[in-house]
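This report addresses a surface patch, a buried position and the confidence of the model. The sequence and structure are shown below.

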Amino acid sequence: MSEPSLRLNTRQQLAAVAELRWRLFVNALRTTRGKVELLSQILVGIAFTLGGLGGALGMAIAASIMISAGRPELLALLFWSVFTFWQLFPIMATAFTSSSDSSDLLRFPLSYRSYFLVRMAYGVFDPATAVGCLWSAGILLGIGYAKPALLPWAFLVVLSFAAFNVLFMQMIFAWVERWLAQRRTRELMGILFILLMLSFQMIGPLVGHFERNSSRPDVQRYIDMFAPLQRVLPPGLAGAAIAQSFYPRITVAFGSFALLCAFVLIVAYILHVRLLAQYRGENLSEVAASARPRDRSLRLGWAIPGFSAAVAAVFEKEIRYLLRSGPVLLTLIMPLFALAIFRFSAMNAARQAGTAFTSLSDMAFPAAAAYTLLMLTNLVCNSFGADAAGIQFLFAAPVSFRRIVLAKNLSHAAILGGEAALAWVAVSFLYSRPSLSVTISALAGLLFAAPLNFAVGNLLSIYAPKKVDYSSFRRQRPSQMSALISMLVQLFTIGVGALVFWIARYYGDYWIATVTLLALAGISLTAYKMILNRMDGLALERQETLVAELCRA
């Protein structure tokens, strides 16, 4: 990078980036797709705003009650809840988080300071950050309402806590992408790091679960073991800094705040190390490794009984691509951790009521099955995104697009089946073993919902394609329009399934749900087959758009 470019004013560089983003936005509105994308973003923004304001109101009420009751130490539970959402939501709902990728700016002569600030700006405008900030503001307002004297100090603590979450989220994404970029580090560090981070999110729910059962001797032992641990982590430190100033214990409060600030600086430095390497042109390509001599003996491809060799080949390609994608694998295992979090979270306090919990626990597997389908949103509604420039080979290959799409849908169905099986095992371990009638009813629900989602996803893959990179968290999201339409279809299918299950529970016979959902499955399968048979004509009609969108740099 030339010396004059480094001397450019940082404000001018940031203004240029903002102008670039604005021009891209305005130019996109010239197309029908761009206008639909804008409408989708507005609707999604309204949903996030309502969720953020509703959560902020709940946090404010809870914080006010805790301070008024003289139990400020319980604020740690609120901070843990905010932290868990802030870090988990971008992974659990990647279809609706910001898709901007600041690494594309490295081709321009930006200074490192400008690049770092742009990366932070992208993190600040992330939907998870917006909701997390609203919830944090709710905690602050609740504290100020109950005890105004604490408001200035609480403001500093909450501000530092928000800064930690923004930096921590960016650091996680940056380093996970680095570790998953090369096969050796992906195999050695990827799984261990993912399990560690997801287990880290369990601390808050576990603390809340144990505190609600603190009267039991064996639970009290675990409370004594986990409580000191959570107090030295950022959410616990934020709660302790405010709680200690309430009593007041100013020295201890300052100590907790200093440790929280230390976490902020440590995370910022670790993120700086990663971004500086990116800025200096770090090359994570595996081309050099692939040049080494390897066994070049031919291996037979997979064979799927009842399907042609072309379908089996595309199916094998899809499965291998997905299994090599760390971010996708992380997204797919989230239902298991979501089950564990809900099992130990404050939402499970109904378990103390006995009959209420027992009557709802049989719905755990149907709910988990629905969530596994939700996790496939990115894959289903953008089937050709990962093919990128390879879409040209699919058009040139002597294979019909109907078979190609069928193979992709089969791979998604195989993943869904495996996810549902793992969810059944997790529900059996964490809650109770689902009965035969509930299990079959849930599978019938998937048989109804999956073909309908695949049919809509196939249309969206043709009409709203977007190039993605499954090796990167920030490059695997479909277009906002596709995500919104797919989510509406998900809500429809889940709503129909919930209604059917409610009727079945009302009459005390889940076989009613099985018969009803199988009848609906016949309709959805018919619709899926009709759309599948039109794939060849639609692909040829949209060939130029597909190639232009998926081959762009």
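## Nonpolar surface patch

In this predicted model, helix 23 (residues 480-507) is the main contributor to the nonpolar patch, supplying five residues. The patch covers about 680 Å² of the surface and is made by Leu-499, Trp-502, Ile-503, Tyr-506, Tyr-507 and Ile-512.

Ile-512 is located in helix 24. The relative accessible area of Ile-512 is 31%, so this residue is classed as partly exposed; a patch residue needs over 30%.

## Environment of Leu-416

Leu-416 belongs to helix 21, which spans residues 401-430. With a relative accessible area of 5%, Leu-416 is buried, because the class requires a value under 20%.

Beyond four places in sequence, Leu-416 is in contact with Thr-372, Leu-373, Leu-376, Leu-446 and Ala-450. For one of these partners, Leu-373, the separation from Leu-416 is 43 residues in sequence, while the C-alpha to C-alpha distance is 6.6 Å.

## Confidence of the model

The mean pLDDT of the protein is 79, and 77% of the residues score at least 70. Among the elements, helix 24 (residues 511-533) has the highest mean pLDDT, at 93, and helix 1 (residues 3-6) the lowest, at 45.

Two segments deserve separate mention. Over residues 1-6, pLDDT stays under 50, and the model has nine contacts beyond four places in sequence for this segment. Over residues 346-358, pLDDT also stays under 50, with twelve such contacts in the model.

Notes
Residues are numbered from 1 along each chain as its sequence is written. This is a predicted model: local features need pLDDT of at least 70, side-chain atom pairs count only at pLDDT 80 or more; totals for chains, interfaces and linings use all residues. Side-chain values use heavy atoms; hydrogens and water are left out. Helices (H or I, at least four residues) and strands (E, at least two) are DSSP runs, numbered from the N terminus. Buried means under 20% relative accessible area, exposed over 50%, partly exposed in between (1.4 Å probe, protein chains only). Contact means heavy atoms within 4.5 Å. pLDDT is the predictor's confidence in each residue, from 0 to 100. Patches are made of residues with over 30% relative accessible area and no salt bridge: like charges are joined within 9 Å, nonpolar side chains (Val, Leu, Ile, Met, Phe, Trp, Tyr) within 5 Å. Accessible areas come from the Shrake-Rupley method with a 1.4 Å probe; for residues, only the protein chains shown count as cover. A salt bridge is a side-chain nitrogen of Lys or Arg within 4 Å of a carboxyl oxygen of Asp or Glu.
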